[in-house]
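The following exercises are intended for a reader who is new to this structure. Each task is followed by a solution in steps.

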Amino acid sequence: MDQKGNLIGNNPFMTIQPKTIRPKSADEKCCRICLSEEEPGNPIISPCDCTGSVKFIHLECIREWLESKKHKKETPFVNSYIWRGLECEICKAAYNDQATLSNGKVVSLLKYDIHQDAEKYMVIESVTNSSSKTVHVVNFSAKSEIKVGRGSQCEVRITDVSVSRHHSTFEVIQIKNKIGEMKSYLSVCDEMSKFGTLLFVRKPIPVKKGKKVFL
Ligand SMILES: [Zn+2]
Ligand SMILES: [Zn+2]
């Protein structure tokens with residue numbers, strides 16, 4: 001027995017277990033939204049320019065927070081999603097739409113739906129300098145020809161002064177290849193728009209006179 005009258009020693013029923021408070025090590029990551037640690041299937045990432053303990057956030061916690069910023073308009077042909085205020089509320093850094101995990105895997109932070117009947121679909125993004133992002137998911141299985149422009153008749157509406165009312169048309173076309181198989185191609189046709197429809201070419205493509213060029 002000790003001075004306070006508590007039994008100590010070898011008595012297995014009366015051993016006193018002092019409650020230890022485990023100090024948090026410097027590398028222990030805690031999510032700044034839910035204040036809990038990393039868990040299986042829900043890694044902790046640092047998606048902005050914040051430093052110190054506030055830089056850590058669960059992948060699912062930031063996805064949920066970004067969901068609250070999302071506005072959507074869904075039709076059988078096109079699902080349009082816009083996220084406004086896509087920036088860290090503390091450091092004001094714009095959030096990227098993807099994050100790289102510690103194992104090198106790249107995951108998307110933004111959630112959008114692809115039509116269930118879509119065998120052929122396309123995801124396009126409006127590139128802006130502000131902290132908002134617009135994504136259009138085009139369902140070519142429901143409609144093979146999609147109009148893009150500022151006007152209300154367009155399935156993909158881009159409300160920007162640089163975009164004409166009917167700017168361009170995207171269409172899935174079937175063309176026979178060299179061995180006679182039908183292959184699907186995406187045709188992008190400019191509709192006499194004011195500023196033109198440009199395609200970004202990532203690598204040099206040889207152009208021959210009188211020959212069609214496929215990108
Ligand atoms: Zn969390
Ligand atoms: Zn931040």
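A residue is buried if 20 or more other C-beta atoms lie within 10 Å of its own, exposed if 12 or fewer do, and partly exposed in between. The model is predicted.

**Exercise 1.** Determine which elements the chain has and what share of its residues counts as buried.

Solution. Begin with the elements: the chain has 1 helix and 12 strands. Next, read their order from the N terminus, which is β-β-α-β-β-β-β-β-β-β-β-β-β. Finally, apply the definition of burial: 14% of the 215 residues count as buried.

**Exercise 2.** Describe the open sheet of 4 strands and its edges.

Solution. First, establish the order, which is 3-4-8-7 with antiparallel pairing. Second, identify the edge strands: strand 3 (70–74) and strand 7 each pair on one side only. Third, note the twist, which averages 15° from one strand to the next. Fourth, examine one pair: strand 3 and strand 4 (residues 78–83) run antiparallel and are joined by 5 bridges. Glu 74 has Asn 79 in strand 4 as its bridge partner.

**Exercise 3.** Locate Leu 109 and decide whether Leu 109 is buried, exposed or partly exposed.

Solution. Start with the position: Leu 109 belongs to the loop between strand 6 (106–108) and strand 7 (121–126). Then consider the surroundings: Leu 109 is partly exposed because 19 other C-beta atoms lie within 10 Å, whereas burial requires 20 or more. Lastly, turn to the contacts. Leaving aside residues up to four places away in sequence, Leu 109 touches several residues, among them Pro 47, Arg 63 and Tyr 95. Arg 63 is 46 residues from Leu 109 along the chain, yet their C-alpha atoms are separated by 5.4 Å.

Conventions:
Residues are numbered from 1 along each chain as its sequence is written. Chains are lettered from A and ligands numbered from 1 in the order in which they are written. This is a predicted model: local features need pLDDT of at least 70, side-chain atom pairs count only at pLDDT 80 or more; totals for chains, interfaces and linings use all residues. Helices (H or I, at least four residues) and strands (E, at least two) are DSSP runs, numbered from the N terminus. Two residues are in contact if their C-beta atoms, placed from the backbone, lie within 7 Å. Two strands pair if DSSP finds at least two bridges between them. Axes are lines fitted to C-alpha atoms, for helices over the stretch in contact, and angles run from 0 to 180 degrees between N-to-C directions.
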